[in-house]
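Trainee: I would like to test the labels on this model one by one. Can we go through the reasoning behind them?

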Amino acid sequence: MIYYKLTIPGFNQYKFAWAEMTENANVSQDFPKCPQCHEPVGVSYWLPPYDIVLKQPKKIGDFVGGVIGVDLIVSQNFKDKYLSSGLTGIVSFIQLNIVKAGVSTKKEYNILPLWGATVEITYTQVDYKKMEVTWFSEPEENICKLCCPGGGGIGGTYEKYQKIVFKKETLTKNDFFIPINFPGNIMLSQNAKAFLEINDFSNYQLVPDYEAKENIYK
Ligand SMILES: [Zn+2]
């Protein structure tokens with residue numbers, strides 16, 4: 001079975017809109033935690049109001065990039081089709097409030113609603129050894145067996161890896177998921193990939209797990 005790493009082009013793509021939080025965004029002190037060691041396995045929760053600023057808003061894709069307090073920003077079209085698709089793994093949608101688009105207000109661009117989507121963090125684990133990882137900071141000793149290495153704050157930070165490999169016995173049935181020891185990485189099943197393609201959604205990239213390399217210096 002092949003899985004695909006989803007990435008959304010952000011601020012340097014010059015094609016589709018991307019988003020930022022406002023300066024007075026409300027960020028919680030709370031964050032997704034490992035159920036075993038209670039260390040962080042994701043970034044802090046974003047609290048209302050869910051205001052965003054859209055940059056380069058001329059063309060808005062079905063996915064909107066940017067560093068923001070949700071895993072994905074998606075179009076109304078994506079949300080509607082996902083909800084009737086039978087796919088699994090997106091656990092919530094929150095409606096975002098576009099307070100500014102480009103240099104003007106949103107009215108000029110007649111923007112349809114955008115939604116913040118949260119992807120489930122599953123117990124699925126990646127196998128860093130098989131991924132030929134090089135650590136930027138080495139995992140500490142006696143780390144949690146569930147979210148480490150790779151998560152939990154003391155589980156180390158990768159510098160590079162050559163591919164993504166899962167521990168097979170931990171694989172989820174979700175179509176969209178974040179592995180618990182691979183924070184911030186959204187993985188898709190083959191069915192989810194087919195769903196994106198059939199619906200011709202715009203502004204995303206999928207890389208098969210066996211080709212998904214990473215190097216934080218590149
Ligand atoms: Zn843990």
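Trainee: What makes Asn97 in β9 the bridge partner of Asp51 part of a strand pairing?

Mentor: This is a predicted model. Asp51 has Asn97 as its bridge partner in β9. Strand β5 (residues 51-55) and β9 are joined over four bridges. Pairing requires at least two bridges, so β5 and β9 count as paired. Their sense is parallel.

Trainee: Which sheet holds them, and what makes β2 and β9 its edges?

Mentor: The sheet is open, with three strands in the order β2-β5-β9 and mixed pairing. β2 (18-21) and β9 (97-101) have a single partner strand each, so one side of each lacks a neighbour in the sheet. The twist averages 35 degrees from one strand to the next.

Trainee: What is the order of the open sheet of four strands?

Mentor: The order is β6-β7-β10-β8, and the pairing is antiparallel. β6 (63-64) and β8 (90-95) are at the edges, because each has a single partner strand. One side of each is left without a neighbour in the sheet.

Trainee: How do you know that β6 and β7 pair?

Mentor: Two bridges join β6 to strand β7 (residues 72-75), in the antiparallel sense. The requirement is at least two, so the pair qualifies. Val64 has Ile73 as its bridge partner in β7. Phe63 stands opposite Val74.

Trainee: How many bridges join β7 to β10?

Mentor: Four, and the two strands run antiparallel. Leu72 has Ala117 as its bridge partner in β10.

Trainee: Which way do the β7 residues point, and are they buried or exposed?

Mentor: Leu72 and Val74 point one way, Ile73 and Ser75 the other, and all are buried. Burial takes 20 or more other C-beta atoms within 10 Å, so each of these β7 residues meets that count.

Trainee: Which residues have the most contacts inside the largest nonpolar core?

Mentor: Val64, Leu72, Ile73 and Val119, in a core of 56 residues. β10 gives the most to this core, with four residues. Leu72 touches Ile8, Phe63, Ala117 and Val119, leaving aside residues up to four places away in sequence. Contact means C-beta atoms within 7 Å, so Leu72 has its C-beta within that cut-off of each. In soluble globular proteins, nonpolar side chains tend to be buried together.

Trainee: Why are the buried residues of α2 said to be on the same side?

Mentor: In helix α2 (residues 190-198), Ala192, Phe195 and Leu196 are buried. They cover an arc of only 95 degrees around the axis, which puts them on the same side of α2. Asn191, Glu197 and Ile198, on the other side, are exposed. Exposed means 12 or fewer C-beta neighbours within 10 Å, so those three fall within that limit.

Trainee: What do the buried residues of α2 pack against?

Mentor: β14 (176-179) and β15 (186-188). After α2 comes Asp200, with a positive phi near 55 degrees.

Trainee: Why is the chain called as compact as a globular protein of its length?

Mentor: The protein chain has two helices and 17 strands. Its radius of gyration is 18 Å, and the globule rule gives 17 Å for 218 residues. The two values are close, so the chain is as compact as a globular protein of that length. Buried residues make up 37% of the 218.

Notes. Residues numbered from 1 in each chain as written. Predicted model: local features only at pLDDT ≥ 70, side-chain atom pairs only at ≥ 80, totals over all residues. Rg over C-alpha atoms; globule rule 2.2 N^0.38 Å. Core = buried A, V, L, I, M, F, W, Y, C linked by C-beta atoms within 7 Å. Contact = placed C-beta atoms within 7 Å. Axes fitted to C-alpha atoms, helices over the stretch in contact; angles between N-to-C directions. Arc of directions from axis to C-beta.
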